[in-house]
Amino acid sequence: MKGRDKWKLAEAGAYFTVEAALIIPVVLCIFVMIIYLSFYLYDRCVLAQDCYVLSYRQSIEKGKEDRAGGAAVKDQFGQKLFMLSSMQTEKSEGRKIRVKVNAAMQPPLFGLDFFRENRYWSLEAAESAQKTDPPRDYRKVRRLLNLASRAGGHSEGEEK
C-alpha cells in the first residue's frame with residue numbers, strides 16, 4: 001500500500017511540472033511583449049511632443065533660420081528615442097508649419113521569425129503650429145484703438 005501512495009504523489013507532482021513548462025514561457029512572452037509595447041508607446045509620445053515643439057519654434061521664428069529641419073531635429077530628438085531603427089522627417093510651410101516624422105522600430109523576436117515580411121513596427125507623428133507674430137499683432141491692435149479714438153473725436157494727448 002505504501003508503494004502505491006508514493007506513485008500517486010509522484011504522478012500528482014508531475015502534471016504540475018508539465019503545466020509549468022507550458023504556462024511559464026507563455027506568461028514570460030506576454031510580459032516581454034507588454035514591455036516592448038510600452039517602449040513603442042513611449043517613443044510615439046516623444047515623437048508627437050517633439051514634432052509639436054519643432055513646429056512651434058519654427059512658427060514664431062521671424063528670420064530664415066530653419067528650426068524644424070536638419071540639425072534642429074537631431075538636437076531635439078537627441079538620445080531620447082530608443083529602439084528606433086530608422087527615422088525620416090518632413091516639413092511643410094504655409095500659414096501653418098507642419099512637421100511629420102516617420103520612424104520604424106524593430107523589436108528583437110529572439111530568433112523567432114514569424115513575421116518575416118513585416119518585422120518593423122512603424123511610428124508616425126505629425127503636428128502643426130500656426131505662424132504667429134505677437135509684436136506685430138499687438139501693434140495692429142494698438143493702431144486700431146488709436147484710429148478708433150481719433151474717429152471718436154479724441155486725440156491721444158487730450159484728457160476727457
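## Fold, core and surface of a predicted chain

The chain has 3 helices and 3 strands, and the coordinates discussed here belong to a predicted model. Read from the N terminus on, the elements follow the order α-α-β-β-β-α. Of the 160 residues in the chain, 18% are buried, while the accessible surface comes to about 12500 Å², with 59% of that area belonging to carbon and sulfur atoms. Among contacts with a separation of 6 or more, 59% join residues that are 24 or more positions apart.

### The nonpolar core

The largest nonpolar core contains 14 residues, and Leu47 and Phe77 are those with the most contacts inside it. Two or more residues are given to this core by each of H1, helix H2 (71-77), strand S2 (96-105) and strand S3 (121-130), and the largest share, 5 residues, comes from H1.

Two residues illustrate the surroundings of Leu47, since Leu47 appears in the contact list of Phe77 and also in that of Ala103. The table leaves aside neighbours within four places in sequence for Phe77 and likewise for Ala103.

| Residue | Residues in contact |
|---|---|
| Phe77 | Val46, Leu47, Asp50, Leu54, Met87, Thr89 and Val101 |
| Ala103 | Leu47, Leu84, Ser86, Met87, Trp121, Ser122 and Leu123 |

Met87 is likewise found in contact with Phe77 and with Ala103. Ala103 itself lies in strand S2, and its relative accessible area is 5%, which is why Ala103 counts as buried, the cut-off being under 20%. One of its partners, Ser86, is 17 residues away in sequence, yet the two C-alpha atoms are 5.4 Å apart in space.

### The nonpolar surface patch

Helix H1, which spans residues 2-59, also holds Val26. Val26 has a relative accessible area of 48% and is therefore partly exposed, since that class covers values between the buried limit of 20% and the exposed limit of 50%. Val26 belongs to a nonpolar surface patch of about 760 Å², whose other members are Val18, Leu22, Ile23, Val27, Ile30, Phe31 and Ile34. A residue can join such a patch when its relative accessible area is over 30% and it has no salt bridge, so Val26, at 48%, meets the area requirement while remaining in the partly exposed class.

Taken together, H1 gives 5 residues to the largest nonpolar core and is also the place of Val26, a member of the nonpolar surface patch.

Methods. Residues are numbered from 1 along each chain as its sequence is written. This is a predicted model: local features need pLDDT of at least 70, side-chain atom pairs count only at pLDDT 80 or more; totals for chains, interfaces and linings use all residues. Side-chain values use heavy atoms; hydrogens and water are left out. Patches are made of residues with over 30% relative accessible area and no salt bridge: like charges are joined within 9 Å, nonpolar side chains (Val, Leu, Ile, Met, Phe, Trp, Tyr) within 5 Å. Accessible areas come from the Shrake-Rupley method with a 1.4 Å probe; for residues, only the protein chains shown count as cover. A salt bridge is a side-chain nitrogen of Lys or Arg within 4 Å of a carboxyl oxygen of Asp or Glu. Helices (H or I, at least four residues) and strands (E, at least two) are DSSP runs, numbered from the N terminus. Buried means under 20% relative accessible area, exposed over 50%, partly exposed in between (1.4 Å probe, protein chains only). A nonpolar core is a set of buried Ala, Val, Leu, Ile, Met, Phe, Trp, Tyr and Cys residues joined through side-chain atoms within 4.5 Å. Contact means heavy atoms within 4.5 Å.
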